[in-house]
Amino acid sequence: MATSQFNLKNQQKEYLDRQQIEYQHEIGQACQMALDQRVLQFNVEPPQVKPVNHLWAKKQGVQKKKRRIPLIPEKVLDAPGLVDDYYLNVLDWSSRNLLAVGLDKSVYIWNADDGSVQEFMTTADDDYVSSIEWAQDGSYLAIGLGSGDAQIWDVDTFTKIRSMRGHTARVGVLSWDKHILSSGARDGSVWNHDVRIAKHKVQEWMGHTGEVCGLEWRPDGQLLASGGNDNLVQIWDARSSVPKHTKTNHMAAVKALAWCPWQLNLLATGGGKQDNMIHFWNTSNDTKVASVNTGSQVTSIQWSREYKEFISSHGFPSNHLSIWSYPSLNKITDLPGHDARILSTSLSPDGQTVASSASDENLKFWKVFESNKKSKELDLEQSMKRMTIR
């Protein structure tokens, strides 16, 4: 028997047979719809969509944990015989985790992995160690002497490979760029030695009228910065014989030089006790980008590789280390651990610990740039245990 249904398409009554009606009932059940209701009047609420918590969404009220900087050293070593001379550079930490320090006529090496100390070399009675610098791979140690010689030693065999003579005055600072060893002398000269060849002196730069006490190659080897007792900073292009830039802003000797590890063209320079300033230079366009008055003689600068920070060491009158943020130049903290002026600092190969040497004949180790990442740390289990380095 035929019946009638309302068709939405043509809004006319049409007669459907039993087979068609049964088919519509099946479709209605499958779609969970009642056939006596109009589709446009369907008012069953759709299911609610749960909000998605994205991993990148910021959580309200959660603050980043503030880094704790220890205000006391992790380790202290006695360093008897450390010469109290601002112009010398006798402390350096190698990529193989060996710390070398010059104590008058001798060089000693402290192994940061096992804590052992060894005497590495000794000069003649009428000479002394005036500078040291590790090669990039840590296999060789360059040693400058008061006599004007620059020597290269093999760290594995404890043997001198060669002695490069020529300077007429002491070599107070050294800096490596691959196979080129640069030496700065008391007569104001900077020599570049190619250590692979017999006639080692390949270049001489005369840009200072006073002793060269700061020397630092940029990591890419394109530029060398030198600082002197004439209060000048010279920036040298490796391809030229004249300075690319000359800076006259400092009012005292410039020993502290440091290239920024995350901004290749940024150079920091620090002046002596009549200056107390740290200046920051953009070496690409020859402009000074910032300055800060530290209030004390600046003896060294070390950039952090983990944070946008640097640490400076100081002589008169504060004799402490200071940690600064960059580029704000806000002081984060002071580390007043030495009893006399700090002469040099060096950064550990993992970038976390700074070693400082001072005229109080102490070496101190400060873990100021502890990494947030999991990495192999130096074995300094004997914290604060005093021992002599010889």
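**Strands, cores and a buried arginine**

Among the contacts in the protein with a separation of 6 or more, 46% link residues that lie 24 or more positions apart. This figure, like the others below, comes from a predicted model. The protein has 390 residues, and 53% of them count as buried. Its secondary structure is made up of one helix and 31 strands. The accessible surface amounts to about 20,400 Å², with carbon and sulfur atoms contributing 48% of that area.

A good place to start exploring is a group of four strands. They build an open sheet in the order β24-β25-β26-β27, with antiparallel pairing. The edges of this sheet are β24 (298-303) and β27 (331-335); each has a single partner strand, so one side of each is left without a neighbour in the sheet. From one strand to the next, the twist averages 20°. As general background, strands of a sheet pair through backbone hydrogen bonds, in either a parallel or an antiparallel manner. Here, β26 (residues 321-325) and β27 run antiparallel and are joined by four bridges. To find one residue pair on the model, look for leucine 321, whose bridge partner in β27 is leucine 335.

Next come the nonpolar cores. In soluble globular proteins, nonpolar side chains tend to be buried together. The largest nonpolar core of this model holds 31 residues, and the members that touch the most others are Leu99, Val107, Phe120, Leu141, Ile143, Leu363 and Phe365. Two or more residues are supplied by each of β4 (91-93), β5 (98-103), β6 (106-111), β7 (117-122), β8 (129-134), β9 (140-145) and β30 (362-367). Of these, β5 gives the largest share, five residues. Another core, of 16 residues, lies apart from this one, and its members include Cys260, Ile278, Val298 and Tyr326.

Finally, one charged residue deserves a visit. Arginine 341 sits in the loop between β27 and β28 (342-347). Is arginine 341 buried or exposed? Its relative accessibility is 12%, and because buried means under 20%, arginine 341 counts as buried. Leaving aside residues up to four places away in sequence, arginine 341 touches Asp84, Asp85, Tyr86, Gln297, His314, Gly315, Phe316, Asn319, Ala358 and Ser359. One of these contacts can be followed in both sequence and space: arginine 341 and alanine 358 are 17 residues apart along the chain, while their C-alpha atoms are 5.6 Å apart.

Conventions. Residues numbered from 1 in each chain as written. Predicted model: local features only at pLDDT ≥ 70, side-chain atom pairs only at ≥ 80, totals over all residues. Heavy atoms only, no water. Pairing = 2+ DSSP bridges. Axes fitted to C-alpha atoms, helices over the stretch in contact; angles between N-to-C directions. Core = buried A, V, L, I, M, F, W, Y, C linked by side-chain atoms within 4.5 Å. Buried < 20%, exposed > 50% of the residue type's maximum accessible area, 1.4 Å probe, protein only. Contact = heavy atoms within 4.5 Å. Areas by Shrake-Rupley, 256 points an atom, 1.4 Å probe, with all protein chains shown as cover.
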